[in-house]
Amino acid sequence: MKNIVIIGTQWGDEGKGKVVDYLAENAHVVVRFQGGPNAGHTIVIGENKFALHHIPSGIFQDHVTCVIANGVVIDPVSCYQEIAQLKSQGFLGDPSKLVISPYAHVILPYHKAIDSGREEKRGKDFLGTTQRGIGPVYEDKVVRKGIRLGDLLDTDKFRNKLSPLLEEKNFYLKNFLKKETFDLSPILETYLELGAKLKTYIGSPYVVLQKAFQNQERVIFEGAQGTLLDLDHGTFPYVTSSNTLSAAACVSSGIGPQRIDAVVGVVKAYTTRVGTGQFPTELTDSTGEFLQKEGHEFGTTTGRKRRCGWLDLVILKHAVFTNGLTHLAITKLDVLNKLEEIKICTGYEYKGKVFKDLLENTEEILTYGKPVYETLPGWKKDMTQMNHFSELPSEALDYLKLIEDELEVPVAFVSTSPERTDVLLTESGLAFK
Ligand code: IMP
């Protein structure tokens, strides 16, 4: 299995970082292809916990080249901080191991001000964005006004692009959002300086990918957020501003779909969501609270409490279809260890009918459908000492079997603790060795 896309199947925070880190051991390149510092990938290595926002999760493997592709949006301030922190912790000793596309669009201070100003203006109808400027920066890209990372290396080019753009942003901030405006000079100065600092890492993703393909080396494409946050196929408007689906790996990194050998969907053993929007299996009772506490469900980027609920096979079927999933990676199974019984949503009741998928009337079913549950017994056992998939309690195996049977996609990996090494491979998972 050479080139693998790792994708979130729910509303993000499924534990993609851990799966990427695990597979990166046998990979040469890890590519981040969409989103920006709205994402937060947490990796636990021994006593240390690392939170990544821009940098691909392959960075902890010295032999891996990490690529930030064209489709990612970069906040140079926090990206540089992230690099500096990684270096101070003994990673990224060789700067050639990080290659950032000059065509990635750049988040500037007004993007963040517009993001938060809009949220404030929406009042009770706020979207719950991460306020990192993600929507506004992608908006500038689509109207073809955005500033790209490479622009920060050329003073005149940067000034000529920024000056008219800032005039427009300031007009909007002052007159529509009633917010503070920004001066040109400090932005120019700060971001030219950041451009100079990041210059060592700016390079062509095409070159890295071409070499890896020629040498038959493994490339991992690391998704951010999750399927239901996809701009076109998620719970619009409560979505992010990029395409989070597997196909975006090709578009954003500029490769053809024939390169992809496997699409691994990462599934948290229950469901979580941050921000506003539909969440049919949400639990607002003590079980929801239990999942939140037991799973440490706080956003890596914003620290917000994540909403928690039962696993939802209907949204997962949507993820199987829209991503073309070939394998599943189940994460945080251990969070369910203490439960007496576990529910799993197998359909939604809507207008007197039970819907098992979201192929039609997607929005209506997600908004008004009532989840139909199957109840399974819990296993009430700790899993940390288990080293092989077959050692899992029979009730846990039944839970996984139900997921596989309903989704018709094999489970390849099961993660049983936050620790990097606690990943169990199934028979299907052996293909990734
Ligand atoms: P934005 O991406 O900051 O514009 O936020 C839009 C929606 O996506 C909000 O509901 C956020 O909470 C959600 N979101 C963005 N990034 C992530 C993530 O990495 N994990 C989970 N939710 C996210």
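**Close-up views of a predicted model**

**View A. Arg144 in the loop between α4 and α5.** Arg144 is exposed, its relative accessible area being 74%. The model in this and the following views is predicted. The loop that holds Arg144 runs between α4 (134-142) and α5. Although Arg144 is not a glycine, its phi is positive, at about 65°.

**View B. Asp183 in the loop between α5 and α6.** Asp183 occupies a place between α5 (155-176) and α6 (184-198). With a relative accessible area of 57%, Asp183 is classed as exposed because this value is over the 50% cut-off. Lys169 serves as a reference point: Asp183 and Lys169 are separated by 14 residues in sequence, and their C-alpha atoms lie 11 Å apart in space.

**View C. The surroundings of the ligand.** The ligand has 16 residues around it, and those that come nearest are Asp13, Asn38, Thr130, Thr240 and Arg304. By residue class, the shell consists of seven nonpolar, seven polar and two charged residues. Both domains contribute to this shell: at least three of its residues come from domain 1 (3-88 + 205-432), and at least three from domain 2 (105-200).

**View D. Polar atoms facing the oxygen atoms of the ligand.** A polar side-chain atom of Asn38 is placed 2.9 Å from an oxygen atom of the ligand. The backbone also takes part: a polar backbone atom of Gly128 is 3.3 Å from an oxygen atom of the ligand. For Val274, a polar backbone atom is likewise found 3.3 Å from an oxygen atom of the ligand. The ligand taken alone exposes 470 Å², of which the protein buries 96%.

**View E. Strand β2 with its partners β5 and β9.** Strand β2 (residues 29-32) is covered on both faces. Val29 and Val31 are buried on one side, and Val30 and Arg32 are buried on the other. In a regular strand, side chains alternate between the two faces of the sheet. The pairing of β2 with β5 is parallel and spans four bridges. Within this pair, Val31 stands opposite Val67, and Arg32 stands opposite Ile68. The pairing of β2 with strand β9 (residues 219-222) is also parallel, over four bridges. There, Phe221 of β9 is the bridge partner of Val31. Val31 thus has Val67 opposite it in β5 and Phe221 as its bridge partner in β9.

**View F. Strand β5 with its partners β2 and β7.** Strand β5 (residues 65-68) also has both faces covered. Thr65 and Val67 are buried on one side of β5, while Cys66 and Ile68 are buried on the other. Besides its parallel pairing with β2, β5 pairs in the parallel sense with strand β7 (residues 98-100) over three bridges. Ile68 has Ile100 as its bridge partner in β7 and Arg32 opposite it in β2.

**View G. The cis peptide bond between Phe236 and Pro237.** The bond joining Phe236 and Pro237 is cis, with omega at about 5°. Pro237 belongs to the loop that runs between β9 and α8 (247-253). Strand β9 is the one that pairs with β2 in View E.

**View H. Asn337 and its contact with Trp379.** Asn337 is located in the loop between β14 (327-331) and β15 (341-350). Its relative accessibility is 8%, so Asn337 falls under the 20% limit and counts as buried. A polar contact of 2.8 Å links the side chains of Asn337 and Trp379.

**View I. Asn361 in the loop between β16 and α11.** The loop with Asn361 connects β16 (353-355) and α11 (362-368). Phi of Asn361 is positive, near 50°, in a residue other than glycine. Asn361 has a relative accessible area of 40% and is therefore partly exposed, a class that lies between the 20% and 50% limits.

**View J. Val411 in strand β18.** Val411 forms part of strand β18 (residues 411-415). Its relative accessible area is 1%, which means that Val411 is buried, under the 20% limit. Val411 and Ser116 are 295 residues apart along the chain, and 40 Å separates their C-alpha atoms.

How values were computed:
Residues numbered from 1 in each chain as written. Predicted model: local features only at pLDDT ≥ 70, side-chain atom pairs only at ≥ 80, totals over all residues. Heavy atoms only, no water. Near = heavy atom within 4 Å. Polar contact = N/O pair within 3.5 Å; in protein donor to acceptor, adjacent residues only side chain to side chain. Areas by Shrake-Rupley, 256 points an atom, 1.4 Å probe, with all protein chains shown as cover. Nonpolar A, V, L, I, M, F, W, Y, C, P; charged D, E, K, R; others polar. Domains from an automatic or database assignment. Buried < 20%, exposed > 50% of the residue type's maximum accessible area, 1.4 Å probe, protein only. Helix = DSSP H or I, 4+ residues; strand = E, 2+ residues; numbered from the N terminus. Pairing = 2+ DSSP bridges.
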